[in-house]
Structures are given as structure tokens and as C-alpha cells.
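Here's a quick tour for anyone meeting this structure for the first time. Have a look at the display below, then read on.

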Amino acid sequence: MKNLTDMMKQARQLQSKLAEAQEELEKLEVEGVSGGGMVRVTLTGKGTMAGIKIDPSLLKAEEGEILEDLIVAAHNDAKVKAESATAEKMKALTGGLPLPPGFNLG
């Protein structure tokens, strides 16, 4: 019976740590950059777009297609960084143990 009590205590502690990690990831911001810094996209650790900065030289009608491509590239760069930060946070939280397939903080 003591093992069950210990397991329940550990489960509650892990649940609490997961909730804290989710809060930290929501506050975390990563920046993706493209076009040599001409486009910058900021995402939260959970992947929500928090901001975008565009160099004024790209705000010309003839630059529209290039701008679209650069926004996508900057967003993807930020997304990779957010996913990496999330993975590192989870690795620290779980002591390096892999999570079950399909498990995420989102």
C-alpha cells in the first residue's frame, strides 16, 4: 500500500511540475529571423505568434511575394526554436525519460 501512496504523491508532484512548465512555456518567447534580419517573427513557447517586425524596405508592392516567403521562413525558424525549447524543458522535467507518443504540453 505504501508504494501506491508514494506513486500517487509522485504523480501529483509531476502534475504540478507540468503545470508550471506550461506556464513557463507560455511566457517564453523565441524569435525567428529570415532575410538577413529583415523579417522577425516572435512566438511563445507554445507556438502562438506574439509579434512580427518587417523592414520597411520590404513594404513595396513589387516586394509582396518576397515578403510573404520571408514571413513564412521566419515563422518556421521561430517554430523550430520553440519546439526545441519545449523539448529541453520536458527533458529537464522528466529527467531525460522519453514521453509517451502523442504526449505534449499543448
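## A bridge between two helices

In this predicted model, the side chains of Glu24 and Lys89 meet in a salt bridge, at 2.4 Å from N to O. The pair ties together distant parts of the chain: Glu24 sits in helix α1 and Lys89 in helix α2, 65 residues apart.

Are these two partners buried or exposed? Glu24 has 41% relative accessibility, so it counts as partly exposed. Lys89 comes in at 27%, so that residue counts as partly exposed too.

## The other salt bridges

The structure holds 4 salt bridges. Side chains of opposite charge can pair when their charged atoms come close. Another one of the set joins the side chains of Arg40 and Glu31, at 2.9 Å from N to O. Arg40 is partly exposed because its relative accessibility is 31%, and Glu31, at 34%, is partly exposed as well.

Then there's Glu83 with Lys79, where the closest N and O atoms are 3.8 Å apart. Both of these residues lie in helix α2, 4 residues apart, or about one turn of the helix. Glu83 has 45% relative accessibility and counts as partly exposed; Lys79, with a relative accessible area of 40%, is also partly exposed.

## Helix α1

Helix α1 takes in residues 2-27. Does its length come out as expected, and what should it span? At 1.5 Å a residue, its 26 residues should span 38 Å, and the end C-alpha atoms are indeed 38 Å apart, so the two values agree.

Which residues of α1 are buried? They are Leu18, Ala21 and Leu25. What covers these buried residues includes β2 and α2.

## The sheet and the helix across it

Now for the strands. Three of them make an open sheet in the order β1-β2-β3, with antiparallel pairing. The edge strands are β1 (29-34) and β3 (49-54), each of which pairs on one side only. From one strand to the next, the twist averages 15°.

Strand β2 covers residues 39-44, and 5 bridges join it to β3, the two running antiparallel. Looking at one spot along the sheet, Val41 stands opposite Ile52 in β3.

Helix α2, made of residues 64-94, lies across β1, β2 and β3. Its direction is at about 140° to β1. This helix also carries Lys89, the partner of Glu24 in α1.

Terms used:
Residues numbered from 1 in each chain as written. Predicted model: local features only at pLDDT ≥ 70, side-chain atom pairs only at ≥ 80, totals over all residues. Heavy atoms only, no water. Pairing = 2+ DSSP bridges. Axes fitted to C-alpha atoms, helices over the stretch in contact; angles between N-to-C directions. Contact = heavy atoms within 4.5 Å. Expected span 1.5 Å × (residues − 1). Buried < 20%, exposed > 50% of the residue type's maximum accessible area, 1.4 Å probe, protein only.
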